Amino acid sequence: MLLSSAIKLQGVECVKACDLYDGRHTLAREITNKPDLPVTRRYQELLVDKDIDCIIAAVPDHWHKQIVVDTVSAGKDIYCEKPMPHTAAAGVEMAEAQKRTGHIVQIGSQRVSSLICKKAKELIEQGMSGDLMMVEGWLGRNDPTGAWEYPPPFDLSPQNLDWDTWQGTVPKRPFSPEIFAR
């Protein structure tokens, strides 16, 4: 979904895709309608590619710090899904890397960056909502498997997923399709 939204933006083109699961290479080619889209399992290849200005990172939370620091240190901007850090110390390191390099780092979700949220903010700033008396928030996931209980890809295996790299800095576990998907 993130790639689909990004390539609809004016001036944005996906020139290379990266994922540790090979099934997402196929998906990126389908989404971009580029059967020959270059793909890789190593994000470092994107960082040295002079045709790439910005990285869009949809990675597990425990990878956010490393990919943000590496990306801005390589001279590129980055949009990384929420949350910013996996730990408070990682957040400090990310912020320091951004300040040191001056490159753009945006952490967030597509929904809160949407036009509807922008319009809501404008209406509130214009006083169109009246006096604020109460705020109530909730999130409902009408999904048969529950919130964020995604099913693993049907073909997921150690042969088409670099599980060791995916685990990164978290405690090592045996291959688990459920951990990967959720």
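## Close-up views of a predicted protein model

**View 1. Ile56 sits in a strand and meets residues from elsewhere in the chain.** Ile56 belongs to strand E3, which covers residues 54-57, and it is seen here in a model that is predicted. With a relative accessibility of 41%, Ile56 counts as partly exposed, because this value falls between the limit of 20% for buried residues and the limit of 50% for exposed ones. When its neighbours within four places in sequence are left aside, Ile56 is in contact with Leu2, Ala6 and Tyr79. A further residue to look for in this view is Glu81, which stands 25 residues from Ile56 along the chain, while the C-alpha atoms of the two are separated by 8.2 Å.

**View 2. Asp162 and Arg42 join two loops through a salt bridge.** The side chains of Asp162 and Arg42 meet in a salt bridge, with a distance of 2.7 Å from N to O. Asp162 lies in the loop between helix H6 (115-125) and helix H7 (163-167), whereas Arg42 lies in the loop between strand E2 (39-40) and helix H3 (44-47), so the pair ties together parts of the chain that are 120 residues apart in sequence. Is Asp162 buried or exposed? Its relative accessible area is 12%, and Asp162 is therefore buried, since the limit for this class is under 20%. Arg42, in contrast, is partly exposed, with a relative accessible area of 36%. Not counting residues up to four places away in sequence, Asp162 touches Leu20, Arg41 and Arg42, so that the salt-bridge partner Arg42 appears here among the contacts of Asp162 as well.

**View 3. Glu93 and Lys65 link two helices.** In this view the side chains of Glu93 and Lys65 meet in a salt bridge, with 3.6 Å from N to O. Glu93 lies in helix H5, which runs over residues 88-101, and Lys65 lies in helix H4, which runs over residues 64-73, so the pair ties together parts that are 28 residues apart in sequence. Glu93 is partly exposed, and its relative accessible area is 36%.

**View 4. Arg24 and Asp19 form another salt bridge.** Arg24 forms a salt bridge with Asp19, and the closest N and O atoms of the two are 3.5 Å apart. The partners fall into separate classes of accessibility, for Arg24 counts as partly exposed at 37% relative accessibility, while Asp19 counts as buried at 16%. How many salt bridges does the count come to? The count comes to 7 salt bridges, and the pair of Arg24 and Asp19 is one of them.

**View 5. The second largest pocket has a mostly polar lining.** The volume of the second largest pocket is about 150 Å³. Its lining is made up of Asp61, His62, Trp63, His64, Lys65, Gln66, His86, Thr87, Ala90, Gly168 and Thr169. Sorted by class, this lining has 2 nonpolar, 7 polar and 2 charged residues. Which element gives the most to the lining of this pocket? Helix H4 gives the most, with 3 residues. Lys65, which takes part in the salt bridge with Glu93, is also among the lining residues of this pocket.

**View 6. Tyr150 lies in a loop, at some distance in sequence from Phe180.** Tyr150 is found in the loop between H6 and H7, and Asp162 lies in that loop too. With a relative accessible area of 36%, Tyr150 is partly exposed. Tyr150 and Phe180 are 30 residues apart in sequence, and their C-alpha atoms are 9.5 Å apart in space.

**View 7. The whole chain gives the setting for the close-ups.** The protein chain contains 8 helices and 5 strands, and from the N terminus on its elements run α-β-α-β-α-β-α-β-α-β-α-α-α. Along its principal axes the C-alpha trace spans about 60 × 45 × 40 Å. Of the 182 residues in the chain, 27% are buried. Among the contacts with a separation of 6 or more, 54% come from residues 24 or more positions apart. The mean pLDDT of the protein chain is 90, and 94% of its residues reach 70 or more. Among the elements, H6 has the lowest mean pLDDT, at 87, and E2 has the highest, at 98. Where pLDDT is low, the predicted coordinates should not be read in detail.

Terms used: Residues numbered from 1 in each chain as written. Predicted model: local features only at pLDDT ≥ 70, side-chain atom pairs only at ≥ 80, totals over all residues. Heavy atoms only, no water. Helix = DSSP H or I, 4+ residues; strand = E, 2+ residues; numbered from the N terminus. Buried < 20%, exposed > 50% of the residue type's maximum accessible area, 1.4 Å probe, protein only. Contact = heavy atoms within 4.5 Å. Salt bridge = Lys/Arg side-chain N within 4 Å of Asp/Glu carboxyl O. 1 Å grid on protein atoms, 1.4 Å probe; cavity = no way out; pocket = protein on both sides within 12 Å on 5 of 7 lines; lining within 4 Å. Points joined across faces, edges and corners; volume = space filled by probe spheres on them. Nonpolar A, V, L, I, M, F, W, Y, C, P; charged D, E, K, R; others polar. pLDDT = per-residue confidence, 0-100.
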